[in-house]
Amino acid sequence: MELRTLRYFVTVAEELHFGRAAARLHMSQPPLSRAIRQLEADLGTPLFHRSPSGVSLTPAGSALLSEARKLLQQAEQLRARVAAAAGAATLTVGILGDSTDPDVSRLAAAYRRRHPNVDVRIREADLTDPTCGLRAGLVDVALTRGPFDETGLRVQVLRSDPVGAVLRADDPLAGHDHLKLADLADRRWFQFPAGTDPHWQSYWNGGEPRQGPIVRAVQECLQSVLWNGTVGLAPLTHHNPGKELVTIPIEDLPPSPLVIAWTETTPLIQSFAQTARSTYTP
């Protein structure tokens with residue numbers, strides 16, 4: 001039984017929907033479905049009840065879920081111990097945010113001082129996955145923004161930042177000191193691709209259904225505003241949209257939490273979390 005297949009199973013069990021699970025894993029649905037059916041064939045029992053409205057766990061599936069989570073955690077701990085023993089310890093950090101934030105530089109410096117021999121690998125995520133590939137096993141820990149679905153994750157808030165509307169400098173609203181969401185109700189907003197975390201999509205659309213172009217990266221958002229006059233949102237802290245754009249604070253949108261998230265607790269991840277908590281400005 002492959003660990004990758006177990007990770008697939010746990011994701012489907014948490015989402016109870018193959019389409020959403022595939023989106024979380026950044027893969028298409030057919031190979032995910034085949035992998036789960038092969039797992040069921042290997043075990044000789046169905047793991048899910050399937051229906052047009054979704055799926056639910058069978059008793060066998062519920063039993064496997066608990067054990068699968070334990071096995072995945074043990075495998076991660078084993079990988080970390082072996083890497084450390086070999087003198088080649090690594091930590092993969094997913095980042096979704098402003099890389100010019102001075103707190104990021106302070107965190108990097110503090111972690112290097114604590115672990116000078118650890119190879120820290122950075123994976124810059126796009127906007128379609130606020131967990132930065134955490135659920136798919138692509139990173140060990142994510143430095144990212146909420147809100148998003150926290151099911152199965154450990155999440156620690158480091159800081160909360162107010163958010164503003166990014167507008168073109170010649171926009172009629174660009175001269176305002178502040179805005180409310182109602183001021184932007186008739187505008188086109190950027191959208192994320194189908195399958196994106198619904199909590200994440202809703203927040204960055206101001207809690208309302210919107211229409212507009214699909215984007216996947218911060219620069220695509222800014223270019224959409226520049227070329228099409230689309231409304232975008234961005235944290236106000238350390239944000240510089242460029243001289244052709246302005247960012248106007250939105251009064252009635254709650255702050256966006258800057259967080260670290262992880263699934264498996266290892267000594268290197270624990271140390272990263274402790275260092276982040278002591279580094280970031282509340």
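Helices, of at least four residues, and strands, of at least two, are DSSP runs numbered from the N terminus. The structure in these exercises is a predicted model.

**Exercise 1. Describe the chain as a whole.**

Step 1. Take the secondary structure: the chain has eight helices and ten strands.

Step 2. Compare its radius of gyration with the globule rule. The chain comes to 21 Å, close to the 19 Å given by the rule for 282 residues, so the chain is as compact as a globular protein of that length.

Step 3. Add the extents. The C-alpha trace spans about 65 × 50 × 25 Å along its principal axes.

Step 4. Look at burial and surface. Of the 282 residues, 48% count as buried. The chain exposes about 14100 Å², and carbon and sulfur atoms supply 53% of that area.

Step 5. Consider how far apart in sequence the contacting residues lie. Among contacts between residues at least 6 apart, 71% join residues at least 24 apart.

**Exercise 2. Work out the layout of the sheet that contains strand S7, and place helix H7 against it.**

Step 1. Recall what holds a sheet together: strands pair through backbone hydrogen bonds, either parallel or antiparallel.

Step 2. Write down the strand order. The open sheet has three strands in the order S8-S7-S9, with antiparallel pairing.

Step 3. Identify the edges. Strand S8 (232-235) and strand S9 (245-249) are the edge strands, each pairing on one side only.

Step 4. Note the turn between strands: neighbours in this sheet are rotated against each other by 40° on average, direction ignored.

Step 5. Examine one pairing in detail. Strand S7, residues 163-168, is joined to S9 by five bridges in the antiparallel sense. One residue to locate here is Leu167, whose bridge partner in S9 is Val246.

Step 6. Place the helix. Helix H7, residues 218-228, lies across S7, S8 and S9 and runs at about 40° to S7.

**Exercise 3. Decide whether Thr58 is buried or exposed, and describe its surroundings.**

Step 1. Locate the residue. Thr58 is in the loop between strand S2 (54-57) and helix H4 (59-85).

Step 2. Apply the cut-off. A residue counts as buried under 20% relative accessible area. Thr58 has a relative accessible area of 7%, so Thr58 is buried.

Step 3. List the neighbours. Leaving aside residues up to four places away in sequence, Thr58 touches Pro46, Leu47, Phe48 and His49.

Step 4. Check one of these by distance. Phe48 is ten residues from Thr58 along the chain, and their C-alpha atoms are separated by 5.2 Å.

Conventions:
Residues numbered from 1 in each chain as written. Predicted model: local features only at pLDDT ≥ 70, side-chain atom pairs only at ≥ 80, totals over all residues. Heavy atoms only, no water. Pairing = 2+ DSSP bridges. Axes fitted to C-alpha atoms, helices over the stretch in contact; angles between N-to-C directions. Contact = heavy atoms within 4.5 Å. Buried < 20%, exposed > 50% of the residue type's maximum accessible area, 1.4 Å probe, protein only. Rg over C-alpha atoms; globule rule 2.2 N^0.38 Å. Areas by Shrake-Rupley, 256 points an atom, 1.4 Å probe, with all protein chains shown as cover.
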